Amino acid sequence: MSDTTTIDPNAKKLIVFLDCGDTIIDEGTEIRDDHDIVIRANVIPGADIMVKTLAERGYILAIVADGRAQSFKNILTQNGLYDYFTTMIYSETIKASKPSPRMFKAAIGALDLSEQDCSRIVMVGNNLSRDVKGANAMGITSIFLSWTPRYPKLHADESEIPDYTINHPLELIDLVEKLNEELG
């Protein structure tokens, strides 16, 4: 038995945190029950392919989203995406919403990482004041998905300026590959 560790040459260093609403799921298609739980919704065109491709290429994916756990379980399961995520952090269970650092720290902890790993994490989301601002404050690379007409596309202040902007979920695949390569 050897005491040298074999390092998987295909292991990805970059970790991908994803928001859900208007990042993976089209909020405009949400159907809610009497308790405001989303029971059905459709993916943004290409978002399912983006999630599956990143997971198949060996990236660790985490949901970091504001909302109710049952809503996310319903829509991600219905769209065949639930099992692609290593962890899922929801504001309902954390008792905080983005941009609170508690949301990001919970995901970091759930993946057995530390805050020193923030430089190898990207946060992808549709909301400048929540996803981008929260990621920026933690030293996490922020990627703004400027897909939806439902949220502002202009930052309110410097804390909301994303590191990268993409217009379609499929653009994330090449960007993530490029950022992973830059990590060495």
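This report describes helix packing, nonpolar cores and some local backbone features in a predicted model.

Residues are numbered from 1 along each chain as its sequence is written, and side-chain values use heavy atoms, with hydrogens and water left out. Because the model is predicted, local features need pLDDT of at least 70 and side-chain atom pairs count only at pLDDT 80 or more, while totals for chains, interfaces and linings use all residues.

**Helix packing**

Helices (H or I, at least four residues) and strands (E, at least two) are DSSP runs numbered from the N terminus. Axes are lines fitted to C-alpha atoms, for helices over the stretch in contact, and angles run from 0 to 180 degrees between N-to-C directions. Angles under 35 degrees count as roughly parallel, over 145 as roughly antiparallel, 65 to 115 as roughly perpendicular and the rest as oblique.

Helix H1 (residues 47-56) packs against helix H6 (residues 171-182) at an angle of about 25°, with the axes 9 Å apart, and H1 and H6 are therefore roughly parallel to each other. In this pairing Ile49, Met50, Thr53 and Leu54 of H1 meet Leu172, Ile173 and Val176 of H6, where contact means heavy atoms within 4.5 Å. The residues of the contact of H1 with H6 comprise six nonpolar, one polar and no charged; here Ala, Val, Leu, Ile, Met, Phe, Trp, Tyr, Cys and Pro count as nonpolar, Asp, Glu, Lys and Arg as charged, and the others, Gly among them, as polar.

The axes of helix H4 (residues 101-110) and helix H5 (residues 128-138) come within 9 Å and cross at roughly 70°, so H4 and H5 are roughly perpendicular to each other. From H4, Pro101, Phe104, Lys105 and Ile108 meet Arg130, Asp131, Gly134, Ala135 and Met138 of H5, and the residues of this contact divide into five nonpolar, one polar and three charged.

**Nonpolar cores**

A nonpolar core is a set of buried Ala, Val, Leu, Ile, Met, Phe, Trp, Tyr and Cys residues joined through side-chain atoms within 4.5 Å, and buried means under 20% relative accessible area, exposed over 50%, partly exposed in between (1.4 Å probe, protein chains only). The largest core has 35 residues, of which Leu18, Ile24, Ile63, Leu76, Phe85 and Leu172 touch the most other members. Among the elements that give two or more residues to this core are H1, strand S4 (60-65) and helix H2 (69-78), while its largest share, five residues, comes from H6. Apart from it lies another core, of 19 residues, including Ile15, Ile94, Ala107 and Leu111.

Leu61, found in strand S4, is buried, with a relative accessible area of 0%. Leaving aside neighbours within four places in sequence, Leu61 is in contact with residues including Val51, Leu54 and Phe85.

**Local backbone features**

Most residues other than glycine have a negative phi, and most peptide bonds are trans. The two aspartates below have a positive phi although neither is a glycine.

| Residue | Phi | Loop | Relative accessibility |
|---|---|---|---|
| Asp22 | about 60° | between S1 and strand S2 (31-32) | 0%, buried |
| Asp36 | about 65° | between S2 and strand S3 (38-40) | 44%, partly exposed |

A cis peptide bond joins Lys98 and Pro99, with omega about 15°, and Pro99 lies in the loop between helix H3 (91-94) and H4.
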